[in-house]
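Have a look at the sequence and the model below. We will walk through the fold first, then the contacts between side chains, and finally the spaces inside.

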Amino acid sequence: MDPKAGMIRIVFGLGTRAVNRVENDYPRIVALDAPLIKPYSKQEDIKRFSQNEVDVLNLKDNVFQTLPAADLLDYSIESHLDMIATRDTAVSEYYQSLGREAKDAWILTFDELLENTPFAKTMSNMLRKLEQVYRYPVDIEFTANFNAEGKRN
């Protein structure tokens, strides 16, 4: 991995989770020249080192809230959930072992976004261009939104 290629921290919800360190909650760290490499090696660490809470603006009550990611992902509020999350098969297997109906559970990994879209390349190009213009590496915060067809807005 080349540090000069740039890196990003991705979170679901407001960017406060990417900027502020929160105990036991992690943004996805992405090296832009190797976006699929993860900083852990064990399968069980995927859930442990992922984002577990989401910061949102509750427009109904006009308040800032932190909610469990599992609660938001259970409601399928994201039309392209598979782009940002991976099914947690261990949870489904656990429910089945108890003789209960398998429950859909998700882990925020952003794997599909990084593997099957030009997102990482776009971010790399953008950061490289900004660095050329400013003649210095830059640190920016950005938002990505996707329409019903999964295209960036």
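From start to end, the chain runs through the pattern β-α-β-α-β-β-α-α-β-α-β-α-α. That comes to 7 helices and 6 strands. Helices (H or I, at least four residues) and strands (E, at least two) are DSSP runs, numbered from the N terminus. This is a predicted model, in which local features need pLDDT of at least 70 and side-chain atom pairs count only at pLDDT 80 or more, while totals for chains, interfaces and linings use all residues. Residues are numbered from 1 along each chain as its sequence is written, and side-chain values use heavy atoms, with hydrogens and water left out.

The C-alpha atoms fill a box of roughly 60 × 40 × 35 Å, taken along the principal axes. Of the 153 residues in the chain, 34% are buried. Here, buried means under 20% relative accessible area, exposed means over 50%, and partly exposed is in between (1.4 Å probe, protein chains only).

**Salt bridges**

A salt bridge is a side-chain nitrogen of Lys or Arg within 4 Å of a carboxyl oxygen of Asp or Glu. The structure holds 7 salt bridges, and the table shows some of them.

| Acidic residue | Basic residue | Closest N and O atoms |
|---|---|---|
| Asp-25 | Arg-17 | 2.7 Å |
| Glu-53 | Arg-17 | 3.5 Å |
| Asp-88 | Lys-47 | 3.1 Å |

Let's start with Arg-17, which has a salt bridge to Asp-25 and another to Glu-53. The pair of Glu-53 and Arg-17 links distant parts of the chain, for Glu-53 sits in strand E3 and Arg-17 in helix H1, 36 residues apart. Is Arg-17 buried or exposed? Arg-17 is buried, with a relative accessible area of 8%. Asp-25 is also buried, at 8% relative accessibility, whereas Glu-53 is partly exposed at 32%. Together with Asp-55, the residues Arg-17, Asp-25 and Glu-53 are linked in a network of salt bridges.

Now turn to the salt bridge between Asp-88 and Lys-47. Asp-88 lies in the loop between strand E5 (85-87) and helix H5 (89-97) and Lys-47 lies in helix H2, so this pair ties together parts that are 41 residues apart in sequence. Asp-88 is buried, with a relative accessible area of 8%, while Lys-47 is partly exposed at 41%.

**Aromatic rings**

A pair of aromatic rings is described by the distance of the centres and the angle of the planes. Rings of Phe, Tyr and Trp (its six-membered ring) pair if their centres lie within 6.5 Å; planes under 30 degrees apart count as stacked, over 60 as edge-to-face and the rest as tilted.

How many aromatic pairs does a search of the whole structure find? It finds 3 aromatic pairs. One of them is Tyr-26 with Phe-49, an edge-to-face pair with 5.1 Å from centre to centre and 70 degrees between the planes. This pair links distant parts of the chain: Tyr-26 is in the loop between helix H1 (16-19) and strand E2 (28-31), and Phe-49 is in the loop between helix H2 (45-48) and strand E3 (53-58), 23 residues apart. Tyr-26 is partly exposed, with a relative accessible area of 26%, and Phe-49 is partly exposed with a relative accessible area of 26%.

Phe-49 also pairs with Tyr-40: the ring centres are 6.2 Å apart and the planes are at 20 degrees, so this pair is stacked. Tyr-40 is buried, with a relative accessible area of 18%. Ring pairs link Tyr-26, Tyr-40 and Phe-49 into a cluster.

**Pocket and cavity**

On a 1 Å grid over the protein atoms alone, a cavity is a set of points where a 1.4 Å probe fits but cannot get out, and a pocket is an open set with protein on both sides within 12 Å along at least five of seven lines; lining residues have an atom within 4 Å of a point. Grid points are joined across faces, edges and corners, and a volume is the space filled by probe spheres set on the points.

The largest pocket has a volume of about 1,100 Å³. Of the 35 residues that line the largest pocket, the closest to its centre are Arg-9, Ile-10, Glu-141, Phe-142 and Thr-143. Helix H7 gives the most to this lining, with 6 residues.

The structure holds 1 cavity of 30 Å³ or more. Its lining includes Arg-17, Asp-25 and Tyr-26, residues met above.
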